[in-house]
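Student: Could you take me through one part of this structure up close? I'd like to look at the empty space inside and what surrounds it.

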Amino acid sequence: MNKNKIIELKNITMEYDGEQILKGINLDIHDKEFVTLLGPSGCGKTTTLRIVGGFITPDSGDVFFGGKRVNDVPPYKRPVNTVFQKYALFPHLNVYENVAFGLRLKKVSEPEISRRVGEMLELVDLKGYDKRGVNQLSGGQQQRIAIARALINNPKVLLLDEPLGALDLKLRKEMQIELKKIQQRMEITFIYVTHDQEEALTMSDTVVVMKDGTIQQIGTPQDIYNEPVNSFVADFIGESNILPGIMHRDRLVEFAGNNFECVDGGFDPMEPVDVVIRPEDIKLTPASDDALNGVVENVTFKGVHYEIIVKAYSDTWMIHSTKAPNVGEVVGITLTPEDIHIMKKSEVKKVNYFKSDLTEGSDIEQKI
Amino acid sequence: MRKITSKLYIALVFLFLYAPIFVLIAYSFNESKSRTVWTGFTFDWYVKLFNNEVILKSLANTLIIALIAAVVSTILGTLAAIGIYNMKKWLRTAIVNITYIPIMNSEMVTGVSLMLLFVALNIDLGYFTLILAHITFCVPYVILNVLPKLRQMNHNLYDAALDLGCNPIQAFRHVIVPEIMPGIVTGFLMSLTYSIDDFIISYFTTGANSQTLPITIYSMTRRKVSPEVNALSAIIFVVVLLILLIMNFKDIRDSAPKKRRKGGAA
């Protein structure tokens, strides 16, 4: 991948109605990259996208396009185009005129417009729909028109704001593949906003996980999934068992009443940590003294695998397995050191932990 | 049985609604000046009407004033609606409520207060004050017709226009105006109708040379109801009826092809 920085966000903050929406966003976006801003609703991902599009100006911080500061450049002078949530097609224009809209403003000649609209409709697989009204199209078709309308302007960067949110599951999967294809064919940068972690992992070169107006982690889908930096990311991306634990020393952690070997280090001795284990990493074995034993509480068939809920020690475990044990059966939970991911406790939990240990006269100030 | 009763009921309602108008139309063709005796059929009152300079002059006044007031209030009202739409919520609610006041307010109060204002400002009552007064009471109707259209609009449309290269003025022209056009047209037609119809406010704000049709008719009937007034009323009724019919046919025609196309796509 070409590693030229095309967009830089530096220390962006944004406040709206007294609420801090973005708390210092720093993000580099490279040429021809498929970047996904991923996070729960209200995390500031759409706001970030709208700042890149120029629809809102950040309270502080700077936006650079190709090294040039563009904070005060209005949307119609930026080399980006947007596919809006719910498409925002112009209802008073037919398909052809919607797609031709941007070119007409640039006073492109009529034969040229006709040729390029034709090309675009072919790209999104809607040849021959020129004269239809946009409200006569299905959701998926409207989506394609919105993409064609944006791409016809040859933007360097395409911004997509939850573009597949209104589509049904099957159509969404098809469009995911289609979008990725279009991005590779047009060789442009996509900045994609979604709250769907699966969508993010499927399509992206880079995933940016956001929460409460801050970036939690930036990385490839593999990085984000396999090496989440904190329990929020681990929980948000895929399913996870998150258990309280205590780090005895490097590569030895205690949780669920047992000591386990792990591969992480760099914690204080006896530091409380979050232990994250992916449900598909756990192997179920016959109950034995060597394993962590638990009782199967529930088994649900999920198609590819069974989702098995096991109560072991004082924790509830979620396990994915292709074999289903019986409910009530005692099974062994077997983990290899590579399956155990140790994360620092998040700030809030830390305070709670020390509070619970409070005794009179103890010196806790510097710890909090 | 039930069907017959309900049909009879509808017939009665329509009879009460339209009987007065048909009586009026009938008497506009009555030879005698009397309102009770039918003496014979004539077109005389219509001929006299079209020779009556006072009536023709006030008809012209009415139409000119209504047209100017409607055009100006449509422009002002549309711009105001867009401004209100983009306000913060509490301010928007406040302004919309203030907008309702001229509509709810007694016309008498509006008329008197406008007259007092014009006198206090030393503006001679006449065309100018009439037009100002009409604009005053028409603007709220435009605002209240355009605002719902703005609310129905996908609020990303404006952003989409900017995104595709429109500057704010182009976005307004190419995207916002076509979207809210139905509201603008309704606002314009309502302004036109209310302006043509208005009597009370016009009565307080008009001068000697700028009498509108309602005022002229009123002063004519104060002396004695001339059958010319019947003739004039009949013409107004027929014109309004024709406009309504045209608009209804247009509605039917506009919605019909859409249905056909939908059927074709399915």
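Tutor: Sort the lining of the largest cavity by class and you get 3 nonpolar, 4 polar and 2 charged residues. Keep in mind as we go that this is a predicted model. Who are these residues? Tyr27(B), Val225(B) and Pro227(B) line the cavity, and so do Ser32(B), Ser34(B), Ser226(B) and Asn230(B). Lys33(B) and Arg35(B) complete the lining. The volume of this largest cavity is about 40 Å³, and the count of cavities of 30 Å³ or more comes to 1. How do we find a space like that at all? Rolling a probe the size of a water molecule over the atoms shows where empty space is left.

Now let's put the lining on the domain map. Chain B is split into domain 1, made of 1–50 + 227–245, and domain 2, which covers 53–225. Try placing Val225(B) and Pro227(B), both in the lining, against those bounds: domain 2 ends at 225, and the second piece of domain 1 starts at 227. In the contact between the two domains, domain 1 of chain B supplies 10 residues and domain 2 of chain B supplies 8 residues. Measuring over C-alpha atoms, the domain centres lie 31 Å apart.

And how much area is buried between domain 1 and domain 2 of chain B? About 800 Å², with 77% of that coming from carbon and sulfur atoms. The size of an interface is often given this way, as the accessible area lost when the parts come together.

Note on methods: Residues are numbered from 1 along each chain as its sequence is written. Chains are lettered from A and ligands numbered from 1 in the order in which they are written. This is a predicted model: local features need pLDDT of at least 70, side-chain atom pairs count only at pLDDT 80 or more; totals for chains, interfaces and linings use all residues. Side-chain values use heavy atoms; hydrogens and water are left out. On a 1 Å grid over the protein atoms alone, a cavity is a set of points where a 1.4 Å probe fits but cannot get out, and a pocket is an open set with protein on both sides within 12 Å along at least five of seven lines; lining residues have an atom within 4 Å of a point. Grid points are joined across faces, edges and corners, and a volume is the space filled by probe spheres set on the points. Ala, Val, Leu, Ile, Met, Phe, Trp, Tyr, Cys and Pro count as nonpolar, Asp, Glu, Lys and Arg as charged, and the others, Gly among them, as polar. Domain bounds come from an automatic or database domain assignment. Contact means heavy atoms within 4.5 Å. Buried area is the accessible area (1.4 Å probe) that two parts lose on being put together, summed over both.
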